[in-house]
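Dear colleague,

I am passing on the structure below, and my notes on it follow directly after.

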Amino acid sequence: MTKHTINTLLFALNVGVLVLFFRSSDHFFLFLFLAFGFFFLVLSAGVLFLRFNYFMKSIVTIDKPAVLLTFDDGPNPETTPMILDTLNKHDVKAIFFVIGKKALAHPEIVQRMLHEGHRIGNHTFSHHPMFALLSGKKVKNEIQQLQTVLDIHAIQTELFRPPIGYSNPIIARVVKDLGVKVIGWNQRSYDTVVKNPMKLAKRLVRLSKPGSIILLHDNLVQSRDSLDSYLSKAKEKGIIFANEQHLIRITNEIN
Ligand SMILES: [Zn+2]
């Protein structure tokens with residue numbers, strides 16, 4: 001039973017109790033308004049925050065003490081190759097949630113990710129800004145179209161991350177139908193907001209706690225420019241990053 005089912009049942013029960021026992025109360029409509037308000041508040045949080053696992057199960061932590069870096073929205077020829085160089089230098093393996101259109105335009109970078117021991121995840125073909133409002137057919141197409149691009153590289157990926165981390169009952173149903181596994185995060189780098197690489201590096205060190213899955217974007221200059229400093233400082237502090245074994249385990253353990 002999903003959290004959404006539980007919330008819906010509690011809401012229905014709540015409304016039932018209000019109608020049966022409080023319909024004559026002066027505060028009936030206020031109570032009803034509060035019941036609806038609470039239901040939709042929880043529902044909205046479920047749509048916006050993947051880590052609540054509200055509509056579907058997602059992986060948001062990794063085996064302690066490792067820290068897993070995940071990069072979304074690439075590949076980008078200006079930034080991703082240097083990110084790969086830096087990961088190589090520090091012997092860190094990551095998951096890249098690629099966008100289909102970009103993967104199609106830069107197959108050589110996808111090949112590099114694969115050959116250097118990273119995992120490729122599905123971040124949909126077009127990264128539709130209104131992904132949470134798409135029909136089931138369109139959601140399915142977005143995921144399958146990207147898989148078709150990865151087929152060129154003989155990559156079969158079960159790892160999926162919805163754009164913006166959206167989830168809803170339609171996305172949950174497609175995820176179940178296609179048998180893909182959702183990988184979320186428990187630490188948001190805010191690399192879209194923190195533009196100063198040194199500040200971003202410091203923030204990333206702070207976020208790197210045992211079990212962290214960190215959300216980054218490999219299409220951003222500040223993420224590229226902060227990575228070497230971040231990984232050097234983190235390693236000085238004894239922080240352990242995911243290796244190929246961790247990536248194999250995270251793929252096998254889910255569902
Ligand atoms: Zn994205």
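A crossing is called left-handed if the near helix is turned anticlockwise from the far one by less than a right angle, and right-handed if clockwise; helices here are DSSP runs (H or I, at least four residues), numbered from the N terminus. This is a predicted model, in which local features need pLDDT of at least 70 and side-chain atom pairs count only at pLDDT 80 or more, while totals for chains, interfaces and linings use all residues. Residues are numbered from 1 along each chain as its sequence is written.

By that convention, the crossing of helix 8 and helix 9 is right-handed. Helix 8 (residues 197-207) packs against helix 9 (residues 221-236) at about 45°, the axes lying 8 Å apart, where axes are lines fitted to C-alpha atoms over the stretch in contact and angles run from 0 to 180 degrees between N-to-C directions. That angle makes helix 8 oblique to helix 9 (under 35 degrees counts as roughly parallel, over 145 as roughly antiparallel, 65 to 115 as roughly perpendicular and the rest as oblique). Among the residues in contact (C-beta atoms, placed from the backbone, within 7 Å) are Leu200 and Leu204 of helix 8 and Tyr230 and Lys233 of helix 9.

Helix 6 (residues 136-151) and helix 7 (residues 169-178) pack at about 50° with axes 9 Å apart, which makes helix 6 oblique to helix 7, and this crossing is right-handed. Here Gly136, Val139, Lys140 and Ile143 of helix 6 meet Ile170, Ile171, Arg173, Val174 and Leu178 of helix 7.

Best regards

Terms used. Helix = DSSP H or I, 4+ residues; strand = E, 2+ residues; numbered from the N terminus. Contact = placed C-beta atoms within 7 Å.
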